[in-house]
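Reader: Could you walk me through a few of the labels people put on a protein model? I would like to see how each one is earned.

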Amino acid sequence: MWGSIALCQPAAWALPGFAQVRADFKPSDTLIHSREGEVLQRLRVDATVRRGQWVPLADVSPALRQALVLSEDKRFFEHSGVDWRAASAAAWGNLWNQRTRGASTITMQLAGLLDGDWRQGPGGRTVVQKLGQTVAAQVLDRRWRKDQILEAYLNLVPFRSELVGIDALSRTLFGKAAHGLDDREAAVAAALVRAPNARPALVAQRACGVLRDMQASVSTSPLQRRAKGAAPAAGLPVDCDALEFFTTAALQRRAFDASEGVAPHFARHLLRQRFKDGVVPERVPSTLRAPLQRFAVQSLQQQLRELRGRNVEDGAVLVLDNATGAVLAWVGSSGALSQASEVDGVLALRQPGSTLKPFLYAQAIAERRLTAASLVEDSPAQITTASGLYIPQNYDRQFKGWVSVRTALAASLNVPAVRTLAMVTPDAFHRQLAAVGLPLRESGDYFGYSLALGSPEVPLLHLTNAFRTLANGGRASAVAVAADAKPLFTPALDARAAFIVGDILSDGNARARTFGTDSVLATRFWSAVKTGTSKDMRDNWAVGWSERYTVGVWVGNASGAAMHDVSGTSGAAPIWAAVMGFLHAREPGPAPRPPVGLVRTPVRFGPAPLESAGSPPLEAARDEWFVPGTQQALFAIDSVAYSAYSERARGQKYQKSTMVSTTTATTDTTARATTTTTTGARITAPAPGTVVALDPDIPPARQRLHLRASGQGLYWRMDGKPLGRGPQVAWLPWPGRHVIQITDAGGTVLDEVRIEVRGAGVRPGAAPGR
């Protein structure tokens with residue numbers, strides 16, 4: 001026996017100190033901190049055990065401290081680690097086969113928790129284990145303070161199932177922190193220490209006895225005197241039946257979620273990127289800004305609530321620091337508003353729509369194929385491909401004829417973008433997208449000319465970082481999620497072309513032809529932004545930048561379902577504008593400085609083709625930016641250039657009459673039609689059999705289909721109803737099949753075409769103005 005005690009002494013003296021035990025404690029969760037040090041997200045990383053944070057004794061409910069001492073070790077503050085009186089009583093009871101309370105003290109139990117050799121097995125402890133535990137308890141009592149012993153015990157003791165420590169127990173069963181436990185909850189917690197996996201009825205029975213002891217107890221130690229104020233008044237009856245109901249409900253509760261906070265998707269991405277070996281520290285610093293993250297979550301949810309009824313429930317927001325690439329806000333889902341809240345919208349692959357156009361025009365400008373003032377044709381076109389004719393459309397069919405590149409990009413016109421891609425070629429544009437951080441799974445030939453309109457799938461993370469490349473003058477670097485990450489920039493795009501594209505996307509006048517002058521995209525500081533909407537209105541985007549920040553927003557449905565009546569300015573754009581406004585509430589937003597080598601030159605434009613010299617110019621004169629060597633003072637389409645371009649682009653059904661200036665108007669609204677000839681009158685646009693797809697990027701109220709005809713004294717009918725008069729009228733399209741007719745003053749039909757309108761820009765079956 002004495003030899004066994006001698007063998008136990010070295011192991012007992014090898015027990016760690018309190019500071020080491022506290023340092024070695026590993027919660028099953030990790031805490032993600034913002035750059036300000038605020039906890040943004042708690043995320044479970046250990047699936048084998050449920051262990052919360054270490055709770056200091058001062059943060060433990062006084063009622064729980066009292067209940068635990070009364071239940072497990074009444075003379076805890078009096079003995080020196082071993083309660084010899086209790087041990088003698090237990091030995092005497094065993095001698096006479098009497099059922100007695102165990103003599104194991106809190107200190108002895110803690111010794112077993114610290115050293116597995118003294119832990120009780122299925123058959124109980126051996127004599128050597130009991131002796132070792134006794135020696136170790138006395139060593140602990142000499143080296144540790146009583147409050148340290150009690151604190152460590154509360155944090156290390158197993159309570160029930162996978163729950164270890166008071167923090168995990170109180171948050172799981174009672175949904176609160178350990179400092180908020182009341183008398184009933186404290187009694188149940190103390191009862192679970194003795195019988196962690198007992199049936200609820202037995203736990204309640206023991207808890208009832210603990211609660212009675214708490215009422216009858218008389219404080220005898222300083223610690224208990226401090227806890228006395230939390231104990232119930234002596235003599236109050238204990239309702240054990242009610243306590244059993246309470247205990248049963250508590251043991252069934254699982255209030256301690258695996259993830260809690262405002263950045264769950266970012267937290268998972270951060271841990272995957274930084275701790276691939278699986279060893280995750282208790283606290284992880286991040287690049288997120290706590291106030292910005294909360295505002296982004298709030299803005300997304302508020303906008304989606306305003307869109308309720310339009311079949312849109314998901315969204316994502318990403319904010320990047322231009323200089324470092326640090327993620328300042330990452331909202332992967334709308335949370336409770338979504339039926340797929342675990343899907344991270346920042347990483348999900350979605351069609352970007354028109355948001356790829358800035359990179360296309362930047363490449364064309366860098367290659368000196370176009371300038372910001374170059375004239376491109378916005379009219380029906382047919383492009384021959386290996387698989388047949390590709391017929392791009394401005395979905396609203398509001399063709400504008402010849403426009404400058406500035407107008408084509410800012411107003412998000414589709415046909416000029418496809419014609420620009422024909423100059424650049426899909427393969428070359430595919431390589432450019434990869435350079436700015438948008439690698440695509442298929443080749444450029446796979447997408448063909450639809451690549452200009454955003455047919456591939458990309459995540460919001462890569463798309464926003466690609467726009468950050470534009471903000472940084474064509475220099476690309478990876479996104480950073482670690483606070484200490486250093487950006488490594490590589491050239492991806494000509495700096496001069498990037499600046500010109502940014503200048504175009506910040507030009508409110510240039511985008512006014514599509515979005516109006518009072519668009520939500522306008523900010524009180526310098527910013528450049530591009531919206532986009534994918535096929536069938538499945539995805540809606542707004543991505544843009546200021547001097548310091550790049551913000552990307554996506555709204556849609558994780559299921560891929562189409563949205564209803566969500567345009568480029570009613571979906572993601574309001575969220576983008578709100579986040580940008582929050583970022584610059586107290587920060588200036590100056591315009592970027594032009595890179596060295598750019599040339600700014602006054603330019604003017606000629607009239608539309610086939611118009612007289614005195615007709616209005618295509619666009620107003622302005623100062624324009626140029627890559628050196630591409631500048632010129634006048635941009636016009638003469639008859640020779642017009643004819644050559646038309647022959648190349650027209651295809652089988654191309655009609656030259658669609659180039660007639662949109663400024664033609666009839667000034668006499670009286671009886672002139674009765675005296676003019678209608679010989680040879682015909683409808684020149686749209687062509688018979690045209691299929692019009694409404695553009696979800698453009699607000700529905702601004703969408704018009706321009707109807708043109710040759711001849712004079714013409715009257716228009718739509719589906720048999722009067723529509724207007726003259727050689728040209730504008731019609732607000734709505735889905736369905738329609739018959740367009742022109743008649744003379746007497747009502748004789750001179751020509752008719754049949755068209756079809758598809759899309760959800762206008763509610764099906766509703767006529768304009770209703």
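**How the labels are earned**

Author: Happy to! Three bridges join β24 to strand β26 (residues 705-710), and the two run antiparallel. Within that pairing, Arg682 stands opposite Ser710 in β26. Please keep in mind that this is a predicted model.

Reader: What makes β24 and β26 count as paired strands?

Author: Two strands pair if DSSP finds at least two bridges between them. Three bridges join β24 to β26, so the pair qualifies. β26 also pairs with β29 in the antiparallel sense, over four bridges. There, the bridge partner of Arg708 is Gln728 in β29.

Reader: And what holds paired strands together in general?

Author: Strands of a sheet pair through backbone hydrogen bonds, either parallel or antiparallel.

Reader: Why are β24 and β29 said to stand at the edges?

Author: The order in this open sheet of three strands is β24-β26-β29, with antiparallel pairing. β24 (682-685) and β29 (728-731) each have a single partner strand, so one side of each is left without a neighbour in the sheet. On average, neighbouring strands here are turned by 30 degrees against each other, direction ignored. β29 also has two faces: Val729 and Trp731 make up the covered one, while Gln728 and Ala730 make up the uncovered one.

Reader: Now for another sheet: why is the pairing in β22-β21-β23 called mixed?

Author: This is an open sheet of three strands in that order. Five bridges join β21 to β22, and these run antiparallel. Two bridges join strand β21 (residues 599-605) to β23, and these run parallel. One pairing is antiparallel and the other is parallel, and that fits the word mixed. As examples of facing residues, Val603 stands opposite Arg622 in β22, and Arg604 stands opposite Leu634 in β23.

Reader: Which strands are the edges of this sheet?

Author: They are β22 (622-626) and β23 (634-635). Each has a single partner strand, so one side of each lacks a neighbour in the sheet.

Reader: Let's turn to helices. Why is α10 called oblique to α12?

Author: Helix α10 (residues 200-216) and helix α12 (residues 240-252) pack at an angle of about 125 degrees, with their axes 8 Å apart. Roughly perpendicular covers 65 to 115 degrees, and roughly antiparallel needs over 145. An angle of about 125 degrees fits neither range, so α10 is oblique to α12. The crossing of α10 past α12 is right-handed.

Reader: Which residues of α10 and α12 meet?

Author: From α10 come Pro200, Ala201, Val203, Ala204, Ala207, Cys208 and Arg212. They meet Cys240, Leu243, Glu244, Thr247, Thr248 and Leu251 in α12. By class, this contact has nine nonpolar, two polar and two charged residues.

Reader: One last label: how do you know whether Asn465 is buried or exposed?

Author: Asn465 has a relative accessible area of 11%. Buried means under 20%, so Asn465 is buried. Asn465 lies in helix α20 (residues 460-471). Leaving out residues up to four places away in sequence, Asn465 touches Leu320, Ser477, Ala478 and Val479.

Notes:
Residues numbered from 1 in each chain as written. Predicted model: local features only at pLDDT ≥ 70, side-chain atom pairs only at ≥ 80, totals over all residues. Heavy atoms only, no water. Axes fitted to C-alpha atoms, helices over the stretch in contact; angles between N-to-C directions. Parallel < 35°, antiparallel > 145°, perpendicular 65-115°, else oblique. Left-handed = near helix turned anticlockwise from the far one by under 90°. Contact = heavy atoms within 4.5 Å. Nonpolar A, V, L, I, M, F, W, Y, C, P; charged D, E, K, R; others polar. Buried < 20%, exposed > 50% of the residue type's maximum accessible area, 1.4 Å probe, protein only.
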